[in-house]
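Here is a short report for a first look at this protein. Keep the sequence and the 3D view at hand while reading.

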Amino acid sequence: SAWYAELAAVDTENIGMLWHSMWWWVSMYSLVAQPWLVDAAVLYAPVHSHEFYNFNRWLKTRQDDTWYALLQKILWPLDKKATFDIFSPETYFNRITAPVQIYFGTNDESCPVERWREIRTALENTNKSVELIEYVWEKHEFTREWSSFMQWVVTFLSENL
């Protein structure tokens with residue numbers, strides 16, 4: 001049988017998303033660009049929802065001077081948060097219609113939980129359904145609490161799909 005024959009079993013009316021770390025961009029950009037596509041979203045240890053913070057954390061320090069100088073000409077000024085507003089999902093949070101759960105480990109060195117507390121507040125300020133669940137001592141990839149985390153995810157998706 002063809003592989004696509006099995007797709008008939010996929011429920012296209014109830015779409016949930018679960019993404020980790022930098023892959024959250026797929027979920028977050030889907031939530032703001034095509035809000036009717038996603039019925040519930042789980043963000044697991046995601047990077048920031050404002051590209052200014054991601055640029056400064058992940059890109060600015062990894063590029064050579066030539067690349068930075070060129071980017072500075074195109075997106076001047078790079079040291080201002082407002083420069084990145086147009087590219088940032090956070091700017092378009094008012095478009096989100098799906099409930100969102102965010103999971104973080106309090107010892108995550110890659111994506112500090114303080115940033116996502118800010119994002120939870122930004123989502124709540126647009127009257128979005130958002131819940132931040134913190135796992136004490138967990139790092140960027142959950143180990144000790146993986147089963148608990150997955151049980152919460154299954155419950156959340158079951159209740160919202």
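## A helix across the sheet

Helix 5, residues 146-160, lies across strand 1, strand 2, strand 3 and strand 4. Its direction runs at about 165° to that of strand 2. The model is a predicted one.

Helix 5 lies over a sheet that is open and has four strands. Their order is 1-2-3-4, and the pairing is parallel. Strand 1 and strand 4 form the edges, since each pairs on one side only. From one strand to the next, the twist averages 15°. Helix 4 also packs on this sheet. It touches strand 2, strand 3 and strand 4, and its direction makes about 165° with that of strand 4.

## The chain as a whole

The protein chain holds five helices and four strands. Along the sequence they follow the pattern β-α-β-α-α-β-α-β-α. The chain has 161 residues, and 38% of them are buried.

Many contacts reach far along the sequence. Take the contacts between residues at least 6 apart: 73% of them join residues at least 24 apart. The accessible surface comes to about 9,600 Å². Carbon and sulfur atoms account for 56% of that surface.

## Strand 2, enclosed

Is strand 2 enclosed or open to the outside? Strand 2 covers residues 40-44, and five of its five residues are buried, so the rest of the structure largely encloses it. Both of its faces are covered. Ala40, Val42 and Tyr44 are buried on one side, Ala41 and Leu43 on the other.

Strand 2 has a partner on each flank. Strand 1, residues 16-20, pairs with strand 2 in the parallel sense over five bridges. Gly16 stands opposite Ala40 of strand 2, and Trp19 stands opposite Leu43. Strand 3 also pairs with strand 2 in the parallel sense, over four bridges. There the bridge partner of Leu43 is Ile102.

## Val32 and Tyr92

Val32 sits in helix 1, residues 24-33. Its relative accessible area is 6%, under the 20% limit, so Val32 counts as buried. Which residues does Val32 contact, leaving aside neighbours within four places in sequence? They are Pro89, Tyr92, Phe93, Arg95 and Ile96. Ala98 is 66 residues from Val32 in sequence, yet their C-alpha atoms are 9.9 Å apart in space.

Tyr92, one of those contacts of Val32, belongs to the loop between helix 3 (65-74) and strand 3 (100-105). Its relative accessibility is 31%, so Tyr92 counts as partly exposed. Tyr92 also helps to make a nonpolar surface patch of about 370 Å². The other members of the patch are Tyr29, Ile86 and Phe87.

## One salt bridge

How many salt bridges does a search of the whole structure find? It finds one. The side chains of Glu134 and Arg117 meet in it, at 2.7 Å from N to O. The pair links distant parts of the chain, 17 residues apart. Glu134 is in strand 4, residues 130-135, and Arg117 is in helix 4, residues 113-125.

Are these two residues buried or partly exposed? Glu134 has a relative accessible area of 30%, so it is partly exposed. Arg117, with 31%, is partly exposed too.

Key:
Residues numbered from 1 in each chain as written. Predicted model: local features only at pLDDT ≥ 70, side-chain atom pairs only at ≥ 80, totals over all residues. Heavy atoms only, no water. Patch = residues over 30% accessible without salt bridge, like charges linked within 9 Å, V, L, I, M, F, W, Y side chains within 5 Å. Areas by Shrake-Rupley, 256 points an atom, 1.4 Å probe, with all protein chains shown as cover. Salt bridge = Lys/Arg side-chain N within 4 Å of Asp/Glu carboxyl O. Helix = DSSP H or I, 4+ residues; strand = E, 2+ residues; numbered from the N terminus. Buried < 20%, exposed > 50% of the residue type's maximum accessible area, 1.4 Å probe, protein only. Pairing = 2+ DSSP bridges. Contact = heavy atoms within 4.5 Å. Axes fitted to C-alpha atoms, helices over the stretch in contact; angles between N-to-C directions.
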